[in-house]
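Reader: Could you walk me through the packing in this one? I'd like to start with the helices and then see where the conversation goes.

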Amino acid sequence: MRINRTLLSTALVVVALVVQVSVLARLQLPGAVPDLLLLTVLGLAFVYGPVSGALIGFGAGLLADLAPPADHAVGRYALVLCVIGYLAGLIRPENGQLRSAFAPMAAVVAAAIGSTLLYAGVGALVGDTAARHVGLGSLLFTAAIYDLLLAPFTVPLIMALARRTENDPIAEASAGGSDVAAGWLASGTGLRIGNQRGGLRVKAARNRAARAGRIKGVKRL
């Protein structure tokens, strides 16, 4: 991976892990815990693709395995996020553009359910049956709901940061609001940020041209 990708990914993963452990894990919500680390991996994989998504997922999961108060085998969550990051990178459009928020939101739900099932499956293989005391059905439902509610506030921001760090020409020329993150915001929250920005630029250019025309007319008189 490039240096800028590595620096940004490391910073985002560390921040997400700190918030995950110090804030979200202490909310004592019923069922699962909102997985900010998973959403961070998804956001980066949507921009960087499957290989980088797998590497970021493995690193993020390994940090989560080592960070207290982790009580499971080291490498368990690293495997889960590695798989999720790779699969998320596969659904990234070739042109990096996405006009609807449905696909990334569906991917968030699928990742929340898939990561929970994979984590429980790996736990069953190593003899960890803690999920039985909570109920797998409850974990799946709450994980999907919590991550889906948190995703619109985190994933678009992560994707926007990743694109700016990449110096992607699509991100720089996304005045029409067709960028992945801008499309999420426009479709998911009703905020036409890209269109508003592009409209303001066009309007300002027209005003400058009209003003220049009037000044030339006065000089000719």
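Author: What follows covers a helix pair, the nonpolar core and one loop residue, and the model is a predicted one.

Reader: Okay, at what angle do helix 2 and helix 3 cross?

Author: The axes of helix 2, residues 36-48, and helix 3, residues 50-66, cross at roughly 160° and come within 8 Å. Because angles over 145 degrees count as roughly antiparallel, that makes helix 2 roughly antiparallel to helix 3, and the crossing of the two is right-handed.

Reader: And which residues of the two helices meet there?

Author: From helix 2 there are L37, V41, L44, A45 and Y48, and these meet P50, S52, G53, I56, G57, A60 and A64 of helix 3. Sorted by class, this contact has nine nonpolar and three polar residues, with no charged ones.

Reader: Turning to the largest nonpolar core, how many residues does it have?

Author: That core has 34 residues, and L37 and L42 are those with the most contacts inside it. At least two residues each come from helix 1 (3-22), helix 2, helix 3, helix 4 (76-90), helix 5 (102-126) and helix 7 (136-166), while helix 2 gives the most, with 11 residues.

Reader: What is L42 in contact with, leaving aside its neighbours within four places in sequence?

Author: With those neighbours left aside, L42 is in contact with I84, A88, V108 and A111.

Reader: Different topic: is Q28 buried or exposed?

Author: Q28 is exposed, its relative accessible area being 73%, and it lies in the loop between helix 1 and helix 2. Although Q28 is not a glycine, it has a positive phi of about 55°.

Key. Residues numbered from 1 in each chain as written. Predicted model: local features only at pLDDT ≥ 70, side-chain atom pairs only at ≥ 80, totals over all residues. Heavy atoms only, no water. Axes fitted to C-alpha atoms, helices over the stretch in contact; angles between N-to-C directions. Helix = DSSP H or I, 4+ residues; strand = E, 2+ residues; numbered from the N terminus. Parallel < 35°, antiparallel > 145°, perpendicular 65-115°, else oblique. Left-handed = near helix turned anticlockwise from the far one by under 90°. Contact = heavy atoms within 4.5 Å. Nonpolar A, V, L, I, M, F, W, Y, C, P; charged D, E, K, R; others polar. Core = buried A, V, L, I, M, F, W, Y, C linked by side-chain atoms within 4.5 Å. Buried < 20%, exposed > 50% of the residue type's maximum accessible area, 1.4 Å probe, protein only.
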